[in-house]
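Reader: I have just opened this entry and would like some guidance. Could we go through it together?
Author: Certainly; please bring it up and begin wherever you wish.

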Amino acid sequence: MSFLRFRCTITFASVMLFGSLLGCGNSGPQLPPTVPVTAKVILNGKPLMEAEITFSPVSSGPSSNGQVIQGEVVNLQTNAQKPGVALGEYKVTIYDQPVEFGGRELVPDKYGRLNDGFVATVTEDGPNEFTFALTGH
């Protein structure tokens, strides 16, 4: 092997090793397959205008987060990386977005606690459509 070829091989190997140490390529946790979920959120019979929603797994696995806008759940993502929700049973919590000074919280506190929220089961066969009806305030 010529010196030039040896030097190129060492340089290439060094770049690959350095890149993997920096996190280039496929890094982070491997996420399970996800499926689309559609949901509506109603407060006192009317669409909830704005809120945050979290699907927290009852056993193990990643959680999924999204926003409620005009009663519809949007941007639901697993680990803020992958659209949809992994299969399984979840405790669903709904809570106000951060309220600015002088703003009013709309969602009753109990819906933001794991033990008082809703339960939803996401299946492979679907349809994975949910309606969460909140009362209070």
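Reader: Are Phe55 and Tyr90 buried or exposed?
Author: Phe55 and Tyr90 are both buried. Buried stands for under 20% relative accessible area, exposed for over 50%, and partly exposed for what lies in between, using a 1.4 Å probe and protein chains only.

Reader: Before going on, what kind of model is this?
Author: This is a predicted model, in which local features need pLDDT of at least 70, side-chain atom pairs count only at pLDDT 80 or more, and totals for chains, interfaces and linings use all residues. Residues are numbered from 1 along each chain as its sequence is written, and side-chain values use heavy atoms, with hydrogens and water left out.

Reader: What is the average pLDDT of the protein chain?
Author: The average is 81, and 73% of the residues score at least 70; pLDDT is the predictor's confidence in each residue, from 0 to 100. Over residues 1-25, however, the pLDDT is below 50. Beyond near neighbours in sequence, that stretch has two contacts in the model, a contact being heavy atoms within 4.5 Å. Where pLDDT is low, the predicted coordinates should not be read in detail.

Reader: How many helices and strands does the protein chain have?
Author: The protein chain has one helix and eleven strands. Both are DSSP runs numbered from the N terminus: helices are H or I with at least four residues, and strands are E with at least two. From the N terminus on, the helix precedes the strands.

Reader: Back to Phe55 and Tyr90: how are their rings arranged?
Author: Their ring centres are 6.0 Å apart and the planes meet at 70°, so the pair is edge-to-face. Rings of Phe, Tyr and Trp (its six-membered ring) pair if their centres lie within 6.5 Å; planes under 30 degrees apart count as stacked, over 60 as edge-to-face and the rest as tilted.

Reader: Which parts does that pair tie together?
Author: Phe55 lies in strand 4 (residues 50-57) and Tyr90 in strand 9 (residues 88-95), so the pair links parts that are 35 residues apart in sequence.
Phe55 also forms a tilted pair with Phe130, at 6.5 Å centre to centre and 55° between the planes. Phe130 is in strand 11 (residues 129-134), so this second pair joins strand 4 to a part 75 residues away in sequence. Phe130 is buried, as is Phe55.

Reader: Which residues form the aromatic cluster?
Author: One cluster is formed by Phe55, Tyr90, Tyr111, Phe118, Phe130 and Phe132. The count of aromatic pairs comes to six.

Reader: Turning to Glu50, where is it found?
Author: Glu50 is found in strand 4. Its relative accessibility is 45%, so Glu50 counts as partly exposed. Leaving aside neighbours within four places in sequence, Glu50 is in contact with Val68, Asp96 and Gln97.

Reader: Which residues are joined by a cis peptide bond?
Author: Gly126 and Pro127 are, with omega about 10°. Pro127 has its place in the loop between strand 10 (118-122) and strand 11.

Reader: And what is the phi of Asn44?
Author: Asn44 has a positive phi of about 55°, although it is not a glycine. Asn44 sits in the loop between strand 2 (38-43) and strand 3 (46-47), and with a relative accessible area of 44% it is partly exposed.
Ala80 also has a positive phi, near 55°, and is likewise a residue other than glycine. Ala80 lies in the loop between strand 6 (72-78) and strand 7 (82-83), and its relative accessible area of 61% makes it exposed.
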